[in-house]
Structures are given as C-alpha cells and as structure tokens.
Amino acid sequence: MRLQFVGAAREVTGSAHLVHLDGRTILLDCGLFQGRRSEVNAKNRRLPYAVDRIDAVVLSHAHIDHAGRLPFLVKEGYTGPVHCTPATRDLCEVMLADSAHIQEKDADFLRRHRKELVQPLYALRDVSTLMNQMRPHRYRERFEVVPGVWARYMDAGHILGSASVTLEWEEDGTMRRLGFSGDVGRSGLAIIGDPEPLEDVDWMIMESTYGDRDHTSVEGARAELGRVVRETVGRGGRVLIPAFAVGRTQELLYNLHQLHDAGEIPRVPIVIDSPLASEATAVFRENTTIFDVSEAMVRKHDKDRAAIFDFDLVQFTPTVEESKAMMRRSGPMIVIAASGMVEAGRILHHLAYSAGDPRSTVLIVGFQAEHTLGRRIVERREIIKVFGEEIPLRAQVEVINGYSAHADRTGLASWLDAARASSPRLADVFLVHGEPPAQDALAARLTERGYAVSAPEPGTVVTR
Ligand SMILES: [Zn+2]
C-alpha cells in the first residue's frame, strides 16, 4: 500500500488522499481548497492525480472541502465511480450545483470588475455528469471499490450522510484494513446519529481540525444560542448567523424550535435566507430514516420526522426578492444565511446592512479558516471588507464553539481509542485536515497514549 497525501495535509481544506494498491488507485475525497483566492486558485486547478489513473473515488461526505472538486475531476475526464452514502449523494446534488453557480458568478465578477479572464473551475453540466457516476451505499453495507478492495461506511455523526470508511483487501492470506475517519462528528448533535468507531484497522487516516481544544457541550451551545437571541432582541437588534447551509442551518433551526417550545426565546421571525439551505432542508426531509431516534424531538415527531423543522416563526426566503423584502423589514429577527465562513452568499448582504449596528450581533457558530472574512470577524477587526467596501464592524460578535460538528480533542481521542479496542494491529495514525498547531497538539496527546502518529506534509508518500 502506498498513501499519498495530496490535500488537507497540514491544513483544513482540499481533502484528498490517494491509496495505491496493487496497481490500482483509489482517491479518498476530492475537496475544494478554500481561503484566499490568489492562493487556492492554482491549487484547485491542479488535479490530485492523472484522471485516467484513478480507478475509483470513495467520498466521506458532502461538505465542499471534501467533495467540491469532484465536478472538476469529471470535467477533466474522470469517468469512474464515486462511492458515497445515499444522503451524501442527495446533498452533493444541491451543494455542488451551488458551488458551480458561485464559481461562475466569481469568474463573471472578475471579468467585469477587474478585467481578469478566469474560467470557472466547473459548470452545472459537470455536476450533472458527476451525479451519474455516484454510487450510493448504505451504512454498514460492504461494497467492492476496485477488484479485490472492499469498503464499508460507518456513520461519522458529522453531517447528514457523513461517513468514516474502511478499505479492506487481502495480503498474503491476511485481511488488511485502512481506516479513513472523514470528518468525525460528536455524540449528541441534533438530528444525526452519533459517530461510530471503525473496526479492526491496520492504519488510520484521521482528521484533526480541533486537535488542540475542547468544545463546550452541545446542550451548552443551545443555551448560549438562547442567551444571544434574548440579549440581541432585547436591544432591538438582529442576530446574523453565518452558517453552512447544510447541516448547521438545520441544526440551528432544530435548536430554535426546541428553545421556542420551551419558551426560552422571544417570538421574532426566523429567516432561513439561503436557497441552498431550503434545498438542503428538503434533502433532510427525504432522508429521515437516518435521523437519530434517541432524540426526544425526533421521537416526538416520529410519524412525520420532517416536522422537526416546521414551526410558525420560520420563513424560508429562496428568492432574492423575498430576501430583500425581509432584510428591509424593521425590528429584530434572526437571520441564518450562508456561507459558513462568510466568503460568499447572502450573509454578505446582511453584513453590509447590519454590521455597523451596535444593537445587532454577528453570531459565529462554525470553524473559520485563516484568511476568510469569518476569521476576521472572530478576530473582531474594526473594519471589514464586504463586496470590496470597507465597513466598520460595530455589531457585537459572539462565538459559540459548542456548535461544531467536529469532534474536539477529547472526542477524537475517544473515537480512535474505540477503533483501537478492536484493532490489535493498528500501527500508524496519519493526521490530516488540521492546521499545524491543532495537529501538533493532537499528535503529542495521541503519542502519549501509545499511538504512532504523524502529520504528513502535502505530497508526502508513505509505503506500508
Ligand atoms: Zn465536514
């Protein structure tokens, strides 16, 4: 086995790892690099590997930093299968269409305003082509990836349809298994199931996003959300929540539903201002069989689980007209809009409108990568740039880390320990998907617990 770390190596975006086995090549994830345009553009246009030499893609989940370059791979000539779970397929359909749309708009913006000629990385037709190549498999179902190599998805408990995966093959009469964590979620997250451990693995590729910190609890996050809403509405301001349209938005909505039922938030409009979030919520409604039935609200609505998203304050504003009309309405409201890292999408319009208002709050509920506007807001810069305009940031900034869909350092270590319990031969742990400080801290912690850990630099090749 030869592993090649070609993305999300010493960083958190662009997930892509190559597994070479017996002349076959499997690509784990094919994510988009995100961050400063000038830096990621070239990286995104460089293929992870020659397309005609990739035999199969095994996708962990639908997040753009894991799936966002698949249409490019297809555009460049990849015709093989892309394995995934059914919900991942459904989410990819809406998320990648959105990604294609954003890239076309960006290219158009650069052409018109900066006279730069940039081709979009891919277009909608590439997403359609990709959809025909996707091969959905349910959790725990064993399937053949390439002749002689099998895989099995387990629930990663991170977003709807997210999976960790084990690849297995026979070597000199022994079954060998490579585990890939994908993004590890958290126990107790709203709606989705809890992370399941991988079993009997020889090597593990594991994410490390929050390898250097612990989160506040899931329940603590909901209580904080209630506090921020009450305080902001009390000032007469708006709560702006930049959130991933997929996963985080539905989770917030679910929590607001719980807070509302418990009488813990005032009755103000809750605006889900993102066409993608509307579509993603529809995907959730189609995939209720994998909802976490251990949760009270899911059980309460067991006859129609999709009803967990429905209560009278919620308003979806899919069209630009509805969105603008809503923004111009006076009075407090809660706005949940994409993008999660404040790099694009309607949240920018809301920021342009409300960032200067000290009564309002920008509530950050997700990881903010370096060089993103979201990170600059977390750092409470006095001036932020929105659509090229400088705007004073006078709104309050609140950060709730408890909303992370990623395991924290304790969760990652426990997840790995659970895998080790059934893995007598577990040798190496390769940390991916983390910034160096998080990776180094986690590596030290895991080394103390007896693991052989490394955090491969981009391009590193490892033979085992
Ligand atoms: Zn993810």
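A polar contact, as the term is used here, is a pair of N or O atoms within 3.5 Å, of which, within protein, one must be able to donate a hydrogen and the other to accept it. With that in mind, open the structure, which is a predicted model, and start from the whole before turning to a single arginine.

Show the complete protein chain as a cartoon, where 14 helices and 22 strands can be picked out, and turn the C-alpha trace along its principal axes, over which it spans about 70 × 55 × 40 Å. The radius of gyration of the protein chain is 22 Å, which agrees with the value near 23 Å that a compact globule of 464 residues would have. Colour by burial next, and 59% of the 464 residues count as buried. If you then display the accessible surface, its area comes to about 18500 Å², with 48% belonging to carbon and sulfur atoms.

Now select Arg 238, in the loop that lies between α6 (218-235) and β12 (239-242). Arg 238 is buried and yet has no salt bridge, for the nearest side chain of opposite charge, that of Asp 357, is 6.8 Å away. Add Arg 329 to the selection and look at its backbone oxygen, which the side chain of Arg 238 reaches at 2.3 Å, a distance that falls within the 3.5 Å limit for a polar contact.

Finally, show the surroundings of Arg 238: leaving aside neighbours within four places in sequence, its contacts include Thr 232, Met 327, Ser 330, Gly 331 and Met 333, as well as Tyr 353, Ser 354, Ser 360 and Thr 361.

Terms used: Residues are numbered from 1 along each chain as its sequence is written. This is a predicted model: local features need pLDDT of at least 70, side-chain atom pairs count only at pLDDT 80 or more; totals for chains, interfaces and linings use all residues. Side-chain values use heavy atoms; hydrogens and water are left out. Helices (H or I, at least four residues) and strands (E, at least two) are DSSP runs, numbered from the N terminus. Buried means under 20% relative accessible area, exposed over 50%, partly exposed in between (1.4 Å probe, protein chains only). Lys and Arg count as positive and Asp and Glu as negative; His and the chain ends are not counted. A salt bridge is a side-chain nitrogen of Lys or Arg within 4 Å of a carboxyl oxygen of Asp or Glu. Contact means heavy atoms within 4.5 Å. The radius of gyration is taken over C-alpha atoms; the globule rule is 2.2 Å times the number of residues to the power 0.38. Accessible areas come from the Shrake-Rupley method with a 1.4 Å probe; for residues, only the protein chains shown count as cover.
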